[in-house]
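Grab a pencil and work through the exercises below. Each one sets a task and then walks through a solution.

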Amino acid sequence: MTSSDAPVRFRAGVIGHPAAHSLSPVLHRAAYVSLGLTDWEYDLRDVEPAGLSEVLAELAAPAGDGPVRTGLSVTMPHKQAMLPRLDAVDPLASMVGAANTVVAQRSGRGPALLTGFNTDVAGIVESLRETMPEPPAVAGTGFGHADEQGVPAGRTGRRAVVIGSGATACSALAALTELGATDVTVAARRHAGPGRAMTAAHRMGLEIATITWRPGEAVSDEEVAEAVADADLVVSTLPSHAADTLGAPVSRALERNGGARPGAAALDVVYAPWPTRLGAALTGGGVAVAPGWLMLLHQAVPQVALMTGHRPETGPMREAVLAALAER
């Protein structure tokens with residue numbers, strides 16, 4: 001799809017499995033329109049794990065007579081599996097152990113070198129930064145002011161909880177560190193394995209606590225809920241309904257605590273249906289909650305810049321994604 005009748009010269013797209021729900025085409029196409037890139041196209045492909053190597057080979061191949069393939073947005077389950085198939089990996093993506101962006105670097109229409117990048121970290125950071133309430137200024141604390149990294153003064157050493165342990169959870173660890181968290185707990189069914197958050201934490205030099213969570217078991221749900229209620233920052237990286245059993249326990253834990261900690265914020269990466277049970281419980285307890293579409297928006301901005309060389313404004317992209325969600 002193009003924004004005019006101009007011939008398509010460049011093509012990017014998103015791959016995943018499943019992929020039909022992805023809002024990436026909405027965001028990227030809106031960016032192309034706002035940037036005046038009338039000869040760019042962005043498509044969507046459902047790619048099963050067995051087809052990943054073939055898709056990457058197509059991206060690296062000479063362009064031939066058609067549009068030049070410039071890059072891919074990458075969603076689950078490919079963010080970690082594709083890393084060894086790339087020619088180069090950006091240091092952040094290598095440290096996190098996951099990439100959500102592949103850029104085809106080529107001369108003219110010749111073969112391309114494929115480089116992986118991670119913009120999920122930026123998406124998590126910016127969505128939480130936009131959502132975090134400004135704590136009231138207290139004499140002598142420095143609250144209400146920010147340092148050069150954009151972390152409000154007095155927010156270093158904050159307590160954080162990550163729910164889940166896959167690729168997005170690995171990115172969340174890096175993002176929470178950037179936001180000043182030093183006490184991080186990961187709650188997940190499994191923690192062992194090369195693609196898990198604990199392995200990423202070791203690469204980053206982070207010490208994390210873990211909770212082995214058994215969703216649906218009352219005692220286990222309560223343990224995770226207590227950690228969530230005591231946190232300054234929470235990131236749920238689970239798909240739709242996977243954290244539903246935490247809704248009621250989190251509500252009770254926040255009520256026992258007399259509400260959320262001052263300035264508490266959370267991100268739930270689900271964007272439909274919204275609100276999730278967890279998101280509603282957090283909001284009801286006084287936590288400022290960012291929906292998943294906000295992370296998607298903020299990760300798409302640097303992604304467009306990497307693929308096109310032009311950094312888009314967020315306004316048109318925000319309007320487009322909200323309109324698309326309203327139609328679902």
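One definition before we start: buried means under 20% relative accessible area, exposed means over 50%, and partly exposed is anything in between (1.4 Å probe, protein chains only). The model is a predicted one, so local features need pLDDT of at least 70 and side-chain atom pairs count only at pLDDT 80 or more, while totals for chains, interfaces and linings use all residues. Residues are numbered from 1 along each chain as its sequence is written, and side-chain values use heavy atoms, with hydrogens and water left out.

**Exercise 1. Describe the aromatic pairs around W40.**

Step 1: Know what to look for. Rings of Phe, Tyr and Trp (its six-membered ring) pair if their centres lie within 6.5 Å; planes under 30 degrees apart are stacked, over 60 edge-to-face, and the rest tilted. The structure has three aromatic pairs.

Step 2: Take F10 and W40. Their ring centres are 5.0 Å apart and the planes make an angle of 25°, so this pair is stacked. F10 belongs to strand β1 (residues 10–16) and W40 to strand β2 (residues 40–46), so the contact ties together parts 30 residues apart in sequence. Strands here are DSSP runs (E, at least two residues) and helices likewise (H or I, at least four), numbered from the N terminus.

Step 3: Add Y32. Its pair with W40 is tilted, at 5.6 Å centre to centre and 50° between the planes.

Step 4: Check burial. Y32 is buried at 2% relative accessibility, and W40 is buried too, at 7%. F10, with 22%, is partly exposed.

Step 5: Put the rings together. Ring pairs join F10, Y32, W40 and Y42 into a cluster.

**Exercise 2. Find salt bridges that link distant parts of the chain.**

Step 1: Set the criterion: a side-chain nitrogen of Lys or Arg within 4 Å of a carboxyl oxygen of Asp or Glu. There are 15 salt bridges in the structure.

Step 2: Start with R9 and D39, whose closest N and O atoms are 3.0 Å apart. R9 sits in the segment before β1 and D39 in the loop between α1 (24–35) and β2, so this bridge ties together parts 30 residues apart in sequence. R9 is partly exposed at 48%, whereas D39 is buried at 15%.

Step 3: Move on to R69 and D43, which meet at 2.9 Å, N to O. R69 is in strand β3 (residues 68–74) and D43 in strand β2, 26 residues apart. R69 is buried at 18%, and D43 is buried at 18%.

Step 4: Finish with D232 and R261, at 2.8 Å, N to O. D232 lies in the loop between α7 (218–229) and β10 (233–236), and R261 in the loop between α8 (247–256) and β11 (265–268), 29 residues apart. D232 is buried at 6%, while R261 is partly exposed at 33%.

**Exercise 3. Which residues touch the most other members of the largest nonpolar core?**

Step 1: Define the core: buried Ala, Val, Leu, Ile, Met, Phe, Trp, Tyr and Cys residues joined through side-chain atoms within 4.5 Å.

Step 2: Name the hubs. Of the 47 residues in the largest core, they are I124, L128, V162, L173, L176, L267 and M317.

Step 3: Look for a second core. Apart from the largest one lies another, of 25 residues, including A227, A243, V250 and L254.
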